[in-house]
Amino acid sequence: MGDKFDFIRQEMSNLQESGLFITLRVMGSPADAWMIVDGKRVLNFCTNNYLGLANHPAMKEAAKKAIDQWGVGPAAVRSIAGTQELHIQLEKRLAEFKGVEDALYVQSGFCANQAAIPPLVGRDKDTGEQDVIFSDRLNHASIIDGARLSGAKIVVYEHCDARDAERVIRENLPKYRRGLLVTDGVFSMDGDIAPLDALYEVAEKYGVMTMVDDAHGEGVLGGGKGIVHHFGLQGKFDVEIGTLSKAFGVVGGVIAGKKVIVDYLRQKARPFLFSSAVTPADTAACLAAVDLLEQSSELVEKLWANTEYFKKGMVQLGFDIGRSQTPIVPVMLGEAPLAKEFSRRLFENGVFAMAIGFPTVPRGQARIRVMNTAAHSREDLDLGLAAFEKVGRELGVI
Ligand SMILES: *Cc1c(COP(=O)(O)O)cnc(C)c1O
């Protein structure tokens, strides 16, 4: 006999049967090179803690001090009584850091896309006129959701293909009121990077607004300043989305770019107007992260030295590591069951690295994804490489 939740039970068993059911691993220690995962101490290759800031002493100190001075929460949305001096300081520092005119700090990177896209493009309630978004085929879920929420037409162009972007702009733009081109900076499943220079040229040629989401590029590319710096395009993109929850090690999102847009979003962005501000502890820790990044490039350099060492080791062992240009290393294994078994055996051997399969990546392209960080030591990397070699031989991958 059914009841009104039968559809849920059905979908849950579908997930189980297709191997897509998510089982949460529980962390028993801070995010760091070594972590206690489901009660076991393992070498961690799964967090986006690129610079090792998530458990950094200076960051923790800043957060503790902020609690003493500012309390634990703002108890208001930014537009009513939630804007504390810390938020303004952080926005100013982030804008300077990125070399843009202005910045808005919101609750998360996910939120930043929901906040930024709908005010820029959509459908006019009175006239019915629609706008158009040109979106890379592999853009992040938060961009896709922000785009859907806007009500604009979404036209996808082929992954990292500026010529195809030009084709879809030329064919579609005349049918719509205005356009926005949006791309991830670094694509987190493959570690490849968008051809930002070519995309910028195309978008400018047709008068289309430009937006890049640099969640995996900040603290990593361009000496730590992100993908826009990597391409020497500072101040050119209209909107740069960022997150404070990856390389910055804390939590929060940022919408940076042209002042005309950021000013407008302070009036219009719904997560900014209707959801409370980020806590003082988090905001102060983000400020400390900017300090650390501005004081020294040591952590960024260590991140890249580790990345090169690990990638070279994996290639020498005979693994296929795809097309990564960043510290993200996809270890290509093909079928999802093999990737899952590989990950399970790595864990038995003390290494935590996640298997990723369909639908997050295309069928037949299942992989283990290794996230390199500055928190790892050379010995950690050697240990990781040895575990990959052992399991790779056991499973006949190398
Ligand atoms: C991780 C990620 C986000 C989400 O950032 P959070 O701060 O974790 O919400 C948004 N966009 C891209 C491209 C990401 O990789």
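A polar contact here is a pair of N or O atoms within 3.5 Å. Keep that cut-off handy for the first exercise, and remember that this is a predicted model.

**Exercise 1.** Work out which atoms of F110, H140 and H216 sit by the ligand, and at what distances.

*Solution.* Start with F110: a polar atom of its backbone is 2.9 Å from a ligand oxygen. Next, take H140, where a polar side-chain atom lies 3.4 Å from a nitrogen of the ligand. Then go to H216, whose side chain places a polar atom 3.3 Å from a ligand oxygen. Now for the cover: on its own the ligand has 390 Å² of accessible area, and the protein covers 85% of that.

**Exercise 2.** Describe the shell of residues around the ligand.

*Solution.* Begin with the count: there are 13 residues around the ligand, and G109, D213, T243, S245 and K246 come nearest. Then sort the shell by class, which gives eight polar, three charged and two nonpolar residues.

**Exercise 3.** Find out why β10 and β12 each have one side without a neighbour in the sheet.

*Solution.* First, write down the strand order of this open, three-stranded sheet: β10-β13-β12, paired antiparallel. β10 (328-334) and β12 (354-356) are at the edges with a single partner strand each, so one side of each has no neighbour in the sheet. From one strand to the next, the twist averages 30 degrees.

Next, zoom in on β12, which pairs with β13 (residues 366-371) in the antiparallel sense over three bridges. M354 has R369 in β13 as its bridge partner.

Last, add helix α14 (residues 336-348): α14 lies across β10, β12 and β13, at about 35 degrees to β13.

How values were computed: Residues are numbered from 1 along each chain as its sequence is written. This is a predicted model: local features need pLDDT of at least 70, side-chain atom pairs count only at pLDDT 80 or more; totals for chains, interfaces and linings use all residues. Side-chain values use heavy atoms; hydrogens and water are left out. Two strands pair if DSSP finds at least two bridges between them. Helices (H or I, at least four residues) and strands (E, at least two) are DSSP runs, numbered from the N terminus. Axes are lines fitted to C-alpha atoms, for helices over the stretch in contact, and angles run from 0 to 180 degrees between N-to-C directions. Contact means heavy atoms within 4.5 Å. A residue is near a molecule or strand if one of its heavy atoms lies within 4 Å of it. A polar contact is a pair of N or O atoms within 3.5 Å; within protein, one must be able to donate a hydrogen and the other to accept it, and residues adjacent in sequence count only if both atoms are side-chain atoms. Accessible areas come from the Shrake-Rupley method with a 1.4 Å probe; for residues, only the protein chains shown count as cover. Ala, Val, Leu, Ile, Met, Phe, Trp, Tyr, Cys and Pro count as nonpolar, Asp, Glu, Lys and Arg as charged, and the others, Gly among them, as polar.
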